Structures are given as structure tokens and as C-alpha cells.
Amino acid sequence: MVSREFWNTVKTNTKFLVISHIFPDGDAVGSLLATGMVLKTMGKKTTMVIMDKTPECFDFLPGINEVKRGFDGVFDCVIVLDCSDVDRIGIKANLKTIGRIIVNIDHHPGNTYFGDVNIVDPSASSVGEILYKLFKELEIQFDTCLGECIFTSIATDTGSFKYSNTTPDCMRICSELIGVGVRPERVSRFVFETKAIKSLQLLQKALSSLKIGKDGLYAWMEVPLKIQTELKVDDEDFEGIINYARQIKGVEVGILFREMDKGVKISFRSNDWFDVGKLARELGGGGHTRASGCIVEGKYDVIKKRVLDKIRTKLSQKGLRDDGNKWHTKHS
Ligand SMILES: [Mn+2]
């Protein structure tokens, strides 16, 4: 059993690096802190790293001040969380030069199984959910701190228990976590209900760019670099903005084009049947069936047109056999 291999790895080693992805979300941060907490309780030397700024909305989580932006030296074991592939970690070095054993814990369908131990469950709502099950096997006690981290993972990756990945399992887990003292309204206030003014100004700009495709099946928003510089916005200010495109009645796919220095960061959301995870992978990115993204290098207008054309074509092919036509190039 994979989990036995995981626990043997934990028990027989002492020095751990726990790391999750760049552009960190609630699952990246929550699962990182939960893993770090459990390893430390077990007396392991543990370094927690995210190679990127963590959004301020997660500053309330226990242990967040111990998360570092980099690391030195080598480790017995590197535990990678919520990363479909090694690029998502944001380090240049080969993982094998950092740790003797690589453990990959993830729930993305496109996971590349880059670890020596791979615990990959695409049916799980979040890495937090996978961790809960792993910790239960060892009869680890859940207190409010550990519970709050796991709860945040699940609550954010299910969009506050609204997405199709909200399963009986994740509701049962969260019910138990509330039972050990997690306060959903506290998590919700920090994570979902507190906004910087610049986030709302960004939303204002994004909404003013909102356009809908001729057939009404897709809608998009655009944020030029100039606006981002003016408002001094970060990645975290973009959180949730794309949903406004997806929410329009009749729309299946929502798209957000964010101009970057050398290309475009594109986010995709779908409502019902369109696999945006597959679309993003074809564009060199990744993600889930209903939520995904990619970064494409090249000229903004060219990329935008190609992506919109591609979506229009795919939408018009609904019900037809997928011809497997792939857009391989990352550069336009
Ligand atoms: Mn996740």
C-alpha cells in the first residue's frame, strides 16, 4: 500500500523539506502547514518552503510565520504537495540533488508521478483531504490548529463547498474538524470576506473589459499590464475575479487574460461539460476539469485571438469526437 510506504519513509528519516507550489492557494498553504505540523510533532527536523509570496489572507493560519521563501542544504526527504509536475515548485535545481527520497502528494489528474513515492488521488477535493486520510491511518490527533489548516485546504479548493468536487467525504471531514474546534466563519472571514481596496479596483477594471462570445457560450476579461502596475496588484488580488465571466447565464467557459511582461497568464473556468484542464494542458499549463490555467509567451493580441479561436472551435465541436488536435507550441 502506498500510504505504508509513505509512513515508512517518514519514520525512517529525520530531515524533511516540505514544499508546495508557486502562486500558492489555500490548498498549497494549508496542506504545507498541516504536513509541517505533523512532522514536527513526530520530532522531525522540518523546513517548510513556498518559493513565492503567500497571499496575506492566509496570515491567520497557525505556523505561517515559519514558512520560508528558500532553503539551504540537502534533506533526507522532500515532500511535494499539490504540484502536478516539478515545474510548479519553482526551483531550478533537480529535486534529486536536494533530497534522497521524493514524496509526491497531489490530486491533479495530469500528475506526472515524479516522486519515489507517489500518493496521487484525482478524486480527492484537495491535498488537505488526502492528508486527513493519511494522518487518520496513524491515528494522529486533530486539534484546532491542524484542523484549521486542513479545513482551509478543503474550503478553498471546493470554492467554499460549491464546486463539483464537494463530496460526502470532504463534508464528513470538515464536519469532524468543526467538531474539534475549527470555526468556519473565522476561516471564511480571513480567506473569502476580506479584500484590499486594490483588489476591488482591479475587479472594477476587469469587469469593465468583460465581453461575451457571439454564441453566448464563453466570456472573457482582460487586464493589461499598465493597470496592474498602476494599482500595484499581486497575484492574490486576482483571486476569484475570473468567476464573474463564468457566472453569466448561458456561459460555459470563463476566461481571464492577464498580460505579463513576456506573454499572457490565462485562467479558465467551466460550468458543466467543457474540460478546461485538457485545454490548459494543450497550451502548456495544467489544472482541473473545471478550473485551470497556463502562461503563454508571445504577443498579447496574437495569443488572445488563438486562445479564443481554439475555445470557439472546441465549443462548436460539442458532441463530436475529439480529434486530438493539439496546439503544441508555447510560443506564438
Ligand atoms: Mn489543490
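1. Start with the charges over rings in this predicted model. Lys 15 sits over the face of Phe 75, at 5.0 Å from the ring centre. Arg 189 does likewise with Phe 190: Arg 189 lies over the ring face, and the distance to the ring centre is again given as 5.0 Å.

2. Now the sheet. Which order do the five strands take? They run S2-S1-S3-S4-S5 in an open sheet, and the pairing is parallel. Strand S2 (45-49) and strand S5 (117-120) are the edge strands, each pairing on one side only. Ignoring direction, neighbouring strands are turned against each other by 15° on average.

3. For a look at one pairing in there, take strand S3 (residues 75-81) with strand S4 (residues 99-106): the two pair in the parallel sense over six bridges. If you want a spot to click on, Cys 77 stands opposite Ile 101 in S4.

4. Next, what packs on the sheet. Helix H2 (residues 26-41) does, touching strand S1 (15-20), S2 and S3. The direction of H2 makes about 170° with that of S2. H3 packs on the sheet too, with S3, S4 and S5 as the strands it touches. Here the angle is about 110°, taken between the directions of H3 and S4.

5. On to the aromatics: the count comes to nine aromatic pairs. One of them is Tyr 132 with Phe 142, a tilted pair at 5.0 Å centre to centre, with 40° between the planes. Where do the two partners sit? Tyr 132 is in helix H3 (residues 127-137), while Phe 142 is in the loop between H3 and helix H4 (144-157). The two are ten residues apart, and the pair links distant parts of the chain. Both Tyr 132 and Phe 142 are buried.

6. Phe 142 also pairs with Phe 135, and this pair is tilted as well: 6.3 Å centre to centre, 45° between the planes. Are Phe 135 and Phe 142 buried or exposed? Phe 135 counts as buried because its relative accessible area is 2%, under the 20% cut-off. Phe 142 has 9% relative accessibility, so Phe 142 counts as buried too.

7. Last point, to put those rings in context. Which residues make up the aromatic cluster that holds Tyr 132, Phe 135 and Phe 142? Phe 6 and Trp 7 join those three residues to form one cluster. When you go through the model, I'd pull up that group together with the H3 helix, where Tyr 132 sits.

Methods. Residues numbered from 1 in each chain as written. Predicted model: local features only at pLDDT ≥ 70, side-chain atom pairs only at ≥ 80, totals over all residues. Heavy atoms only, no water. Phe/Tyr/Trp six-rings, centres within 6.5 Å; stacked < 30°, edge-to-face > 60°. Helix = DSSP H or I, 4+ residues; strand = E, 2+ residues; numbered from the N terminus. Buried < 20%, exposed > 50% of the residue type's maximum accessible area, 1.4 Å probe, protein only. Lys NZ or Arg CZ within 6 Å of the ring centre and 35° of its normal. Pairing = 2+ DSSP bridges. Axes fitted to C-alpha atoms, helices over the stretch in contact; angles between N-to-C directions. Contact = heavy atoms within 4.5 Å.
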